[in-house]
Amino acid sequence: MNNYLDRRQFLTRGIALGSLAVAGPAVLSACVSGESSGAANGFGVASQRLAWIKNTQFAGSYVADNKGYYTDAGFSGADLVSGGPTAPPIESDVLSRTFAGVSQVPIVGSAVSKGAPLKIVGAVYSRYAGCIMTMADKPVNTPEDLYGKTIGCASSSEPVWRNFMAALKLDTSRIKTVPVQGDPIGMTVGEIDGYLGFINSQVVDLRHKGFDINTMLLADVGFPLVGQTYITTQEHIDNNRDKLKAFLHAEIRGWRGVLDDPAMATDLTVNDYGKDLHLNPAATYDCCLAGNELIRNGQAAQQLLAISDETAAANIEAIDAGGLNLSVEDLFELGPIREVYDENPDLALV
């Protein structure tokens, strides 16, 4: 588990450095181009730290950039910063060099509990994409099926995994967790029994490689998290609210584009934003469709990215079991996204 401890130590150091940056916005704006709300080109650059490499998971931001939605909203352009297994923690990047970022509820909650002045301001997925992947001939279909199994988990997902087991009151002594950095292929040769992966990426990739994969979505078995949350600093919420609303407005339009035309979103991912990854077009299209299923909540006139009070409370209850002890107000700031829809009701899905 040393990898997990190393990451937490790194995150703590990143938060400490980031707090200095937030405390000195004049210094920060000198280091990050276009971050000042008084920039000559309106809001400056819409800088965003992505949670992973540039796959279809972030297609809404690609569409927003490609179609000019950021510039329509008053930005001079966009800077989409890749993540990955060796990237710095998202939370420290948002505190030090980007306007916003994409993360997950337990990970943000862990940073906030350590004092990071961050808030969740929206969520792409109405259901978190995390799932337990297993080979179909040795499936895990219920949480209790995890007993006696060895589960691979990337260090970046460790807070989610820990909170999931705590929320469901699982006996962790009966589940062996091993660090596996971003690649579940060991599961296919029996090195591990399962892997905490994502139903809209690794699952699809392995199925396209011919493997018969079973999945158990965490959100379907008592862990009702939203997924792919947008985060920013309290300073931006307090002092750059119009800029934040403009950012959310552009992202909403981008994700509407993904829902309306997944083929277009796939093309942008494969041939432009993720070109260096040499992605499989067919697999990427299926990843996009899987993501779209997580976005839709089945409600009429759905407001993309918005989070209800009830959903926020359910998320807090889920991570509280992991010992984070946060309130809705500690972790969420839902005013800006609601103001966006109040001012632009036509953004809701029909």
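Tutor: Two strands pair if DSSP finds at least two bridges between them. Strands (E, at least two residues) and helices (H or I, at least four) are DSSP runs, numbered from the N terminus. This is a predicted model: local features need pLDDT of at least 70, side-chain atom pairs count only at pLDDT 80 or more, and totals for chains, interfaces and linings use all residues. Residues are numbered from 1 along each chain, and side-chain values use heavy atoms, without hydrogens and water.

Student: What makes β2 and β4 edge strands?

Tutor: The open sheet has 5 strands in the order β2-β1-β3-β10-β4, with mixed pairing. β2 (77-81) and β4 (118-125) each pair on one side only.

Student: How do you know that β4 pairs with β10?

Tutor: Pairing needs at least two bridges. β4 and β10 (residues 227-233) are joined by 6 and run antiparallel. Ile-120 stands opposite Ile-231 in β10.

Student: Why are α3 and α10 called roughly perpendicular?

Tutor: Angles of 65 to 115 degrees count as roughly perpendicular. The axes of α3 (residues 59-66) and α10 (residues 241-260) cross at roughly 110°. Therefore the label fits. Axes are lines fitted to C-alpha atoms, over the stretch in contact for helices; angles run from 0 to 180 degrees between N-to-C directions.

Student: Why is Cys-287 called buried?

Tutor: Buried means under 20% relative accessible area (1.4 Å probe, protein chains only). Cys-287 has 7%, so the word applies. Cys-131, at 0%, is buried too.

Student: Why is there no bond between Cys-287 and Cys-288?

Tutor: A disulfide needs cysteine sulfur atoms within 2.5 Å. The sulfur of Cys-287 is 8.7 Å from the closest one, in Cys-288, so that is too far. The structure holds 0 disulfides.

Note on methods
Parallel < 35°, antiparallel > 145°, perpendicular 65-115°, else oblique. Buried < 20%, exposed > 50% of the residue type's maximum accessible area, 1.4 Å probe, protein only.
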